[in-house]
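Thanks for coming, everyone. I'll keep this brisk. Please have the viewer open while I talk.

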Number of protein chains: 2
Amino acid sequence: MKTKEVKTYSLSEMKDKYIGKDGTTVRDEYEYELSMDVLGKMIKSARQERKLTQEELGRLVGVQKAQISKLESSANSATIDTILKVFKALKADINFNVKLEDNFIKLA
Amino acid sequence: MKTKEVKTYSLSEMKDKYIGKDGTTVRDEYEYELSMDVLGKMIKSARQERKLTQEELGRLVGVQKAQISKLESSANSATIDTILKVFKALKADINFNVKLEDNFIKLA
DNA sequence: ATGAAAGTTTCTAAATATAGAAACTATATT
DNA sequence: AATATAGTTTCTATATTTAGAAACTTTCAT
């Protein structure tokens, strides 16, 4: 997998952007640009919110803790299937959207 | 890849849910549950909005038209890398979020 | 400082995705 | 109906991901 150095934000940094509103955080409504990097961090963050160790999450997913570690550190580019399996085990919903940019020019 | 039969909506069906607001559609703000199925349909829909054939998109991504066809029909579970490559070629931003469900019970 | 628990890395094997090429099918257009 | 264009499927090869197991390292509590 080819990787590129990009400015990253820690999850907590990103989550700090949330606006507290009578108890419920809007945090989970915050949108992230899709990347394996952020996805891995989201898995870790969700696992921690569930108070699970990598081994426990592994058991829920049906894999070794080593797999969870690899996913969280985005050691490689996971398949959609794998991502879904993990979030399902965490009882988390993952939603997305696509937005076309304005600057597209179709060349002949 | 294991698949499951689920009730699906066509992209246009889904997009019909948008609320028109002075010219600009809110359509692109609509959120979809992550699945290879929907992802494939989004690629197709975005490609069509760009007025590209599968062959042309293939050229932009750097693959044969057959690959684009496979992705759009979700013949398999793509990797995040592949998904990103395609949306990048389409000059489209893909964002996501994760929401923890309430009904999680950690068993001992 | 020691020990236990949690997380990471490395090795190997197996499964799956990616890819091109070519044949095939479907869709339009005239 | 014939042709061109667009999209799909099949075949084969290669690359990559997934996975377990075990060794290793880090972190944390005492």
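Which atom of B:Thr79 is 3.1 Å from a phosphate oxygen of DNA strand C, a backbone or a side-chain one? It is a polar backbone atom. Keep in mind that this is a predicted model. Every distance I quote is computed from it.

Stay with DNA strand C for a moment. B:Lys85 also reaches a phosphate oxygen of this strand, with a polar side-chain atom at 2.8 Å. A:Lys70 goes elsewhere. An N or O atom in the side chain of A:Lys70 is 3.4 Å from a base oxygen of DNA strand C. So which elements supply the surface here, with two or more residues each? In chain A it is helix H4, residues 65-72. In chain B it is helix H4, again 65-72, and helix H5, residues 80-89. H4(A) gives the largest share, four residues.

Now the whole neighbourhood. DNA strand C is surrounded by 20 residues. Among the closest are A:Gln54, B:Gln64 and B:Gln67. B:Thr82 and B:Lys85 belong to that closest group too. By class, the surface near DNA strand C has 11 polar, five charged and four nonpolar residues. What part of the strand faces the protein? Take the atoms of DNA strand C within 4 Å of the protein: 67% are sugar or phosphate, and the rest are in bases.

Next, DNA strand D. Around this strand there are 20 residues. The nearest are A:Gln64, A:Gln67, A:Thr82, A:Lys85 and B:Gln54. Three phosphate contacts are worth showing. B:Gln54 puts a side-chain N or O atom 2.6 Å from a phosphate oxygen of DNA strand D. B:Ser69 does so at 2.8 Å, also with a side-chain N or O atom. A:Ser77 uses a polar backbone atom, at 3.0 Å from a phosphate oxygen of the strand. The elements giving two or more residues to this surface are H4 and helix H5 (80-89) of chain A, plus H4 of chain B. Here H4(B) has the largest share, with four residues. The classes are five nonpolar, 10 polar and five charged. Of the atoms of DNA strand D within 4 Å of the protein, 67% belong to sugar or phosphate, and bases supply the rest.

How do the two protein chains relate? A rotation of 180 degrees, with 0.0 Å of shift along its axis, superposes chain A on chain B at an RMSD of 0.0 Å. The two copies are therefore related as by a two-fold rotation axis. Both use the same surface: 100% of the contact residues of chain A recur in chain B.

On to the fold. Chain A has five helices and two strands. Read from the N terminus, the order is α-β-α-α-α-α-β. Chain A has 108 residues, and 37% of them are buried. Look at contacts in chain A between residues at least 6 apart in sequence. Of these, 60% join residues at least 24 apart.

Two residues of chain A deserve a closer look. A:Glu72 sits in helix H4 of chain A. Is A:Glu72 buried or exposed? It counts as buried, because its relative accessibility is 8%, under the 20% cut-off. Beyond its sequence neighbours up to four places away, A:Glu72 touches A:Gly40, A:Lys41, A:Ile43, A:Lys44, A:Arg47 and A:Gln54. The other residue is A:Thr82, in helix H5 of chain A. A:Thr82 is partly exposed, at 25% relative accessible area. Its C-alpha atom is 9.4 Å from that of A:Val61, 21 residues apart along the chain.

Last stop, helix H3 of chain B, residues 54-61. The buried residues there are B:Leu57, B:Gly58 and B:Val61. Why do they lie on the same side of H3(B)? Because they cover an arc of only 105 degrees around the axis. An α-helix has 3.6 residues a turn, so residues three or four places apart point the same way. The cover over the buried residues of H3(B) includes helix H2 (36-49), H4 and H5 of chain B. After H3(B) comes B:Gly62, with a positive phi near 100 degrees.

That's my tour. Questions, please.

Key:
Residues numbered from 1 in each chain as written. Chains lettered and ligands numbered in written order. Predicted model: local features only at pLDDT ≥ 70, side-chain atom pairs only at ≥ 80, totals over all residues. Heavy atoms only, no water. Near = heavy atom within 4 Å. Polar contact = N/O pair within 3.5 Å; in protein donor to acceptor, adjacent residues only side chain to side chain. Nonpolar A, V, L, I, M, F, W, Y, C, P; charged D, E, K, R; others polar. Buried < 20%, exposed > 50% of the residue type's maximum accessible area, 1.4 Å probe, protein only. Contact = heavy atoms within 4.5 Å. Arc of directions from axis to C-beta. Least-squares fit on C-alpha atoms with pLDDT ≥ 70 in both.
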